[in-house]
Amino acid sequence: MAFTAPALPTVANLINGQWVDGSGSEILTVLNPGTGAELTSFSSSTAEDVDRAVAAARAAQPAWAALSARQRSVALHAIADEFVSRLPEFIGLEVLDAGKPVTAATEEELPDIADSVRHFAGAARVLSGQAAGEYVPGTTTFVRREPLGVVAGVTPWNYPLWQAVWKIMPALAVGNTVVIKPAEITPLSTVAFAAMAQRHLPAGVLNVVNGHGSVVGAALAAHPGVNLVSFTGSTVTGRKIAAAAAQHPTRAILELGGNAPVIVFDDVDVDSAAESITGAALYNAGQECMAATRLIIAEPVAERFLDAIVANLAKVRLGDPTDESTTLGPLISADQRDRAEKLIANRPASSTLRYGGKRPDRPGFYLEPTLITGLSQDDDLVQQEIFAPVMTAQTFTTESEAITLANGVDFGLAGSVWTRDIGRGLRVVNALDYGNVWINNHLVVAPDLPIGGLNASGYGKEGGQLGIEEFTRVKQIGISLT
């Protein structure tokens, strides 16, 4: 089926049910990463725009929270129904402004987003809590979960709609109102989703403010009218968000950078594991904070495994995201491609560029799938999050060495262990300092399951019951029996 470009939404701010241009003087442009051509432009926003959006959200919140969980769920399920009916439109928007290969967007990412919308629409009806009881003689005590108030969501460019949905839907489901700030280079799908959702929500319940993160995101994080800020993005920016939120203090959920270790023991099925790991490394052009890009391979199997990785990289179809045969699309921007190229160019002399590493001669922001071997633990390519279709490889001889290499970075978001020995697999999983760890697979996510990192990868959870409860506060109530 040939790709059909959708109509592009007008990028503006949604404040109290009305679409208005940002009040800033700067005009921001949205580029197609597959071609480098301009898709659209919009007016930047200011702190005053943020003030108006937060005021609208605060005014709308009491009435929204006063609805029953069932009533809110009905509204959110109406959003889900319309979203599913318009899925091809949203697929097209993600392909155009985020460079998603159309086949992956159609078969995997957008259906998963639709599943997330439905999940969050209903999951808030079954919140958990401690059982009521007489924990103190003469008093029955129970707890209730309540909405926080206004939630600010600041979303990244690598999964524009996914991250917006995972912030908007659970926050609304439990009775909060929301102000969302999309990444300025990928606002299209979030704006379209908000326009659709607005038809099923009271004015002011969902608001959108577009603009630079340094202006809009910073104003939201520091705003006294915001009760929680949920941020997904780099660790550098996450630290700034946390510092700004701490002034009040405002609660924060921070899903930050990652540098996932992939520990491969010598008892694996080499061909099967290499195929799965390559797919998990290159998904979304490697622009995935949990991407399986940092290989740590047992010495006895290292050469065979690396040969299998190279064979899989050679099968990759790099090309136009609108082409159904494409399996590797572009990076999001020239800056992102240039950063990856610089890391590759500055690799140590002791390393080997085993595959790829070059910029294809074509429009857009592309980089060949790449494998670099012979790296040491202190090399930048090991220590930094590359966020590109670049795999690195180290080797180990003992289980304890593998664990040391895996844990020897600042990040703690995700990792995986590949072995047929279940005891060894569990030992290593228990020793890894990461918030999400898989055995014999990688990048297995669902809205039913919580995602969240440790260390420099942030704190708090998104998804699952734990992620929904992040958007609530707990109140203890005691009733005298006398």
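## Salt bridges, a loop and a helix

Glutamate 184 has a relative accessibility of 23%, so it counts as partly exposed. That value comes from a predicted model, as does everything else in this report. The side chain of glutamate 184 meets that of lysine 181 in a salt bridge, with 2.9 Å from N to O. Lysine 181 has a relative accessible area of 2%, so this partner is buried.

**Salt bridges**

How many salt bridges does the structure hold? There are 20 salt bridges in the structure. Side chains of opposite charge can pair when their charged atoms come close. Three of these pairs are set out here, with the N to O distance for each.

| Positive partner | Negative partner | N to O distance |
|---|---|---|
| lysine 181 | glutamate 184 | 2.9 Å |
| lysine 475 | glutamate 146 | 3.0 Å |
| arginine 359 | glutamate 341 | 2.8 Å |

Let us start with the pair formed by lysine 475 and glutamate 146, whose side chains meet in a salt bridge. Lysine 475 belongs to strand 20 (residues 472-480) and glutamate 146 to strand 6 (residues 139-147), so the bridge ties together parts that are 329 residues apart in sequence. Is each partner buried or partly exposed? Lysine 475 is partly exposed, because its relative accessible area is 35%. Glutamate 146, with a relative accessible area of 8%, is buried.

Now for arginine 359 and glutamate 341, which also meet in a salt bridge through their side chains. This pair links distant parts of the chain, 18 residues apart: arginine 359 sits in the loop between strand 14 (352-355) and strand 15 (370-373), while glutamate 341 is in helix 11. Arginine 359 counts as partly exposed, at 43% relative accessibility. Elsewhere, salt bridges that share partners join Glu82, Arg86, Glu89 and Arg199 into one network.

**The loop between helix 10 and helix 11**

Next, follow the chain from helix 10 (302-314) towards helix 11 (334-345); lysine 315 lies in the loop between them. With a relative accessible area of 62%, lysine 315 is exposed. Its C-alpha atom is separated by 23 Å from that of serine 416, a residue 101 places away along the chain.

Threonine 326 is found in the loop between helix 10 and helix 11. Is threonine 326 buried or exposed? Threonine 326 counts as buried because its relative accessibility is 5%, and buried means under 20%. Leaving out residues up to four places away in sequence, threonine 326 touches Pro101, Arg317, Gly319 and Asp320. Threonine 326 and alanine 104 are 222 residues apart in sequence, yet 9.0 Å apart in space, C-alpha to C-alpha.

Glutamate 324 also has its place in the loop between helix 10 and helix 11. At a relative accessible area of 45%, glutamate 324 is partly exposed. Glutamate 324 helps form a negative surface patch, together with Glu107, Glu108, Asp112, Asp115, Asp320, Asp323 and Asp448.

**Helix 6 and helix 8**

Two helices round off the tour. Glutamine 198 is found in helix 6 (residues 188-198). With a relative accessible area of 15%, glutamine 198 is buried. Its contacts, not counting residues up to four places away in sequence, are Leu14, Gly17, Ala203 and Leu206.

Which residues of helix 8 (residues 235-245) are buried? They are Thr235, Gly238, Ile241, Ala244 and Ala245. An α-helix has 3.6 residues a turn, so residues three or four places apart point the same way. The buried residues of helix 8 pack against helix 7 (213-221), strand 10 (228-232) and strand 11 (251-255).

Technical notes
Residues numbered from 1 in each chain as written. Predicted model: local features only at pLDDT ≥ 70, side-chain atom pairs only at ≥ 80, totals over all residues. Heavy atoms only, no water. Helix = DSSP H or I, 4+ residues; strand = E, 2+ residues; numbered from the N terminus. Buried < 20%, exposed > 50% of the residue type's maximum accessible area, 1.4 Å probe, protein only. Contact = heavy atoms within 4.5 Å. Patch = residues over 30% accessible without salt bridge, like charges linked within 9 Å, V, L, I, M, F, W, Y side chains within 5 Å. Areas by Shrake-Rupley, 256 points an atom, 1.4 Å probe, with all protein chains shown as cover. Salt bridge = Lys/Arg side-chain N within 4 Å of Asp/Glu carboxyl O. Lys, Arg positive; Asp, Glu negative; His and termini not counted. Charge placed at Lys NZ, Arg CZ, Asp CG, Glu CD.
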